[in-house]
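Trainee: I would like a close look at one part of this model, the open sheet. Please walk me through its strands, their partners and their surroundings.

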Amino acid sequence: MAAPIRISELSCHYGRLRALTSVSTTIPTGTTTALVGANGSGKSTLLAVMAGTKKMSSSRIEGLPRNVAFVVQRSAVPDRLPITVREAVEMGRWRRRGLLGRLDGHDRSVVDGALEDLGIQDLAGRQLGEVSGGQRQRALIAQGLAQQAELLLLDEPLAAVDEETALRIETTIRRQRAAAVTVVLATHDIEQAARADRVIRLDGGTIANDGVTGRPAA
């Protein structure tokens, strides 16, 4: 089994605003970790640092895999982005194929599987901006699955989605964990957090509590 992800004394700023202060934690491989806390507590920033999209002011992070999938909130994606649902999911293969690389049969099979896992294969030809918010969230998560990453980061995956979409997403998270993928998600959903292996509560950019949930192993 791969080494756990170890974060030591992580600090991060947005200009003069300190978003994270001396955050230290260990995330075991093949587990699901929920980040909880109020808006502005640092959940999304911690995910962005782990994804490499936000620079840290100081820290040492060990054990990060080379292939990391980061699924942002659907509100971060422009409504008028001129791509189909399938094309959005195919972006998950760009890391392996390159922006201009042609997808082969294996790539297409991976994309098909991701669409099916999230129950949106019938929407593949629709414009991403034309589908509902919940369907778009499924497409973004399917894009993350298509990367076949060892670490899957999810920012508020259940925010403002219907019951069917929430069930699909939760089933997908369980399957990823069963496949030994490490999942870290930011959430305001108390029930979703309780289903994780462990919960990290952030408050004002620092860790207020870090512990296992006591849930049975799946």
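What follows goes from the whole chain to the sheet, and then to the pocket that shares a strand with it.

Mentor: Keep in mind that this is a predicted model. Start with the frame. The protein chain holds 7 helices and 9 strands. Its C-alpha atoms fill a box of roughly 45 × 35 × 35 Å along the principal axes. The radius of gyration is 17 Å, and a compact globule of 218 residues would have a value near 17 Å, so the two agree.

Now the sheet. It is open and has 6 strands, in the order S5-S6-S7-S3-S8-S9. The pairing is mixed. S5 and S9 are the edge strands, each pairing on one side only. Neighbouring strands are turned by 15° against each other on average, with direction ignored. As background, strands of a sheet pair through backbone hydrogen bonds, either parallel or antiparallel.

Take S8 next, since the order places it between S3 and S9. S3 covers residues 32-36, and it runs parallel to S8, joined by 4 bridges. Thr33 stands opposite Arg198 in S8. On the other side, the sense changes. S8, residues 198-203, pairs with S9, residues 206-212, in the antiparallel sense over 6 bridges. Val199 stands opposite Gly211 in S9. The hairpin of S8 and S9 has 2 residues between the strands. Gly204 takes a positive phi there, near 65°.

One helix deserves a look here. H6, residues 163-178, lies across S3, S6 and S7. S6 spans 151-155, and S7 spans 182-186. H6 runs at about 145° to S7.

Finish at the other edge strand, S5. What does S5 supply to the largest pocket? It gives the largest share of the lining, 4 residues. S5 covers 68-71, and H1 (43-51), H3 (94-97) and H5 (133-146) also supply at least two residues each. The lining counts 20 residues in total. Nearest the pocket centre lie Val68, Ala69, Phe70, Arg95 and Gln147. By class, the lining has 13 nonpolar, 5 polar and 2 charged residues. The space in this pocket is about 390 Å³.

So much for the tour. To recap, one edge strand, S9, forms a hairpin with S8. The other edge strand, S5, lines the largest pocket.

Notes: Residues are numbered from 1 along each chain as its sequence is written. This is a predicted model: local features need pLDDT of at least 70, side-chain atom pairs count only at pLDDT 80 or more; totals for chains, interfaces and linings use all residues. Side-chain values use heavy atoms; hydrogens and water are left out. Two strands pair if DSSP finds at least two bridges between them. On a 1 Å grid over the protein atoms alone, a cavity is a set of points where a 1.4 Å probe fits but cannot get out, and a pocket is an open set with protein on both sides within 12 Å along at least five of seven lines; lining residues have an atom within 4 Å of a point. Grid points are joined across faces, edges and corners, and a volume is the space filled by probe spheres set on the points. Ala, Val, Leu, Ile, Met, Phe, Trp, Tyr, Cys and Pro count as nonpolar, Asp, Glu, Lys and Arg as charged, and the others, Gly among them, as polar. Axes are lines fitted to C-alpha atoms, for helices over the stretch in contact, and angles run from 0 to 180 degrees between N-to-C directions. Contact means heavy atoms within 4.5 Å. The radius of gyration is taken over C-alpha atoms; the globule rule is 2.2 Å times the number of residues to the power 0.38.
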